[in-house]
Amino acid sequence: MGVGERTKREKQGGEKMRKVALLLAIPIIAVILSSCTFVTTRVKDSYIQKEYIDKVKVPEKYKVGTKEIKFYVDKVVDSRKTKHVWRKGWYGIPIGAPVKVNNLTETVKTITERALTATGWGVILNKENVVNPDYYINIEINQLCGKNGLLSGIIESDVLVTVKNGSSITVLRKKVEGKEYVFDIDPTMSFRMVAGQAARTLYKSLLKFFSSPEFVNAIKEDYYNTHSVKQERAE
């Protein structure tokens with residue numbers, strides 16, 4: 001074996017070792033960054049409402065509800081496996097702080113109330129000392145997160161909406177999903193915007209659902225049938 005051939009093989013062996021070392025280093029770096037570097041960013045509901053929900057323009061075609069029909073958002077349950085509204089980085093390596101809404105269930109309750117009002121339905125904010133609502137809405141949160149890179153990503157929401165009338169009969173039970181592709185950057189690297197974008201995605205999906213023929217027809221049919229029966233009994 002010549003000197004030149006031996007040198008060539010040594011170089012090839014060195015390159016292979018460097019590649020193996022790099023592959024081994026990536027998961028180690030990921031563990032270090034995910035466990036030690038970042039502190040959870042907590043986001044207030046007031047920020048979400050002002051910076052994101054307030055800025056959503058509701059199309060006229062969504063305003064199809066009837067104000068005389070009153071709803072009350074009764075229960076909101078957080079069934080997510082992870083309680084963070086995560087912003088994921090490259091190859092599982094986080095590039096910013098994990099994001100958590102201070103009181104997510106209250107935020108989702110407010111968003112649901114606002115979506116009902118924006119689509120033309122009546123909403124009771126506090127059922128104490130008032131006439132009983134016509135319908136009770138329960139929300140189960142299954143997904144509310146951002147799967148993002150540094151500049152862009154996907155925001156997803158997934159909730160189960162259950163509507164019951166005053167007789168506790170389930171009128172409608174529907175899985176409501178939302179998805180948006182976003183291009184955004186947070187120069188502070190706190191990624192509060194992920195919580196705002198996730199809330200906005202949920203809000204838009206609820207606007208669409210509460211104005212859908214499926215929802216409108218189910219509620220109005222049940223409401224007017226119930227009231228006609230009550231009127232007949234009164235007569």
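Colleague: Which residues does Thr66 touch, not counting residues up to four places away in sequence?

Modeller: Touching here is contact, meaning heavy atoms within 4.5 Å. By that rule Thr66 touches Gly120, Trp121, Gly122, Lys220 and Tyr224. Before we go on: this is a predicted model, where local features need pLDDT of at least 70, side-chain atom pairs count only at pLDDT 80 or more, and totals for chains, interfaces and linings use all residues. Residues are numbered from 1 along each chain as its sequence is written, and side-chain values use heavy atoms, with hydrogens and water left out.

Colleague: Where does Thr66 sit, and is Thr66 buried or exposed?

Modeller: Helices (H or I, at least four residues) and strands (E, at least two) are DSSP runs, numbered from the N terminus. Thr66 is in the loop between helix H2 (45-51) and strand S2 (70-78). Buried means under 20% relative accessible area, exposed over 50%, and partly exposed in between, with a 1.4 Å probe and protein chains only. Thr66 has 16% relative accessibility, so Thr66 counts as buried.

Colleague: What about Ile69?

Modeller: Ile69 is in the loop between H2 and S2 too, and its relative accessible area is 0%, so Ile69 is buried. Among the residues Ile69 touches are Trp121, Gly122, Tyr135 and Lys220. Look at Tyr135: Ile69 and Tyr135 are 66 residues apart in sequence, yet their C-alpha atoms are 8.0 Å apart in space.

Colleague: How much of the whole chain is buried, and how many helices and strands are there?

Modeller: Buried residues make up 42% of the 235 residues. The chain has five helices and seven strands, running α-β-α-β-β-α-β-β-β-β-α-α from the N terminus on. Of the contacts between residues at least 6 apart in sequence, 75% join residues at least 24 apart.

Colleague: What does the side chain of Asn138 reach?

Modeller: Start with its place: Asn138 is in strand S5 (residues 135-148). Its side chain reaches the backbone nitrogen of Lys75 at 3.2 Å. Lys75 is also among the residues that Asn138 touches, along with Asp74, Leu160, Val161 and Thr162. Thr112 is 26 residues away from Asn138 along the chain, and their C-alpha atoms are separated by 9.9 Å.

Colleague: Now two serines. Which of Ser157 and Ser168 is buried, and which is exposed?

Modeller: Ser157, in strand S6, has 3% relative accessibility, so Ser157 counts as buried. Its contacts include Gln143, Leu144, Val176, Glu177 and Ser205. Ser168 lies in the loop between strand S6 (152-165) and S7. Its relative accessible area is 56%, so Ser168 is exposed.

Colleague: What is odd about the phi of Ser168?

Modeller: Most residues other than glycine have a negative phi. Ser168 is not a glycine, but its phi is positive, about 65°.

Colleague: How do I read a pocket, and which residues lie nearest the centre of the second largest one?

Modeller: On a 1 Å grid over the protein atoms alone, a pocket is an open set of points where a 1.4 Å probe fits, with protein on both sides within 12 Å along at least five of seven lines; lining residues have an atom within 4 Å of a point. The second largest pocket is lined by 14 residues, and Val176, Glu177, Ser205, Lys208 and Phe209 lie nearest its centre. Strand S7 (170-183) and helix H4 (192-210) are the elements that give two or more residues to this lining. S7 gives the most, with seven residues.

Notes
A polar contact is a pair of N or O atoms within 3.5 Å; within protein, one must be able to donate a hydrogen and the other to accept it, and residues adjacent in sequence count only if both atoms are side-chain atoms.
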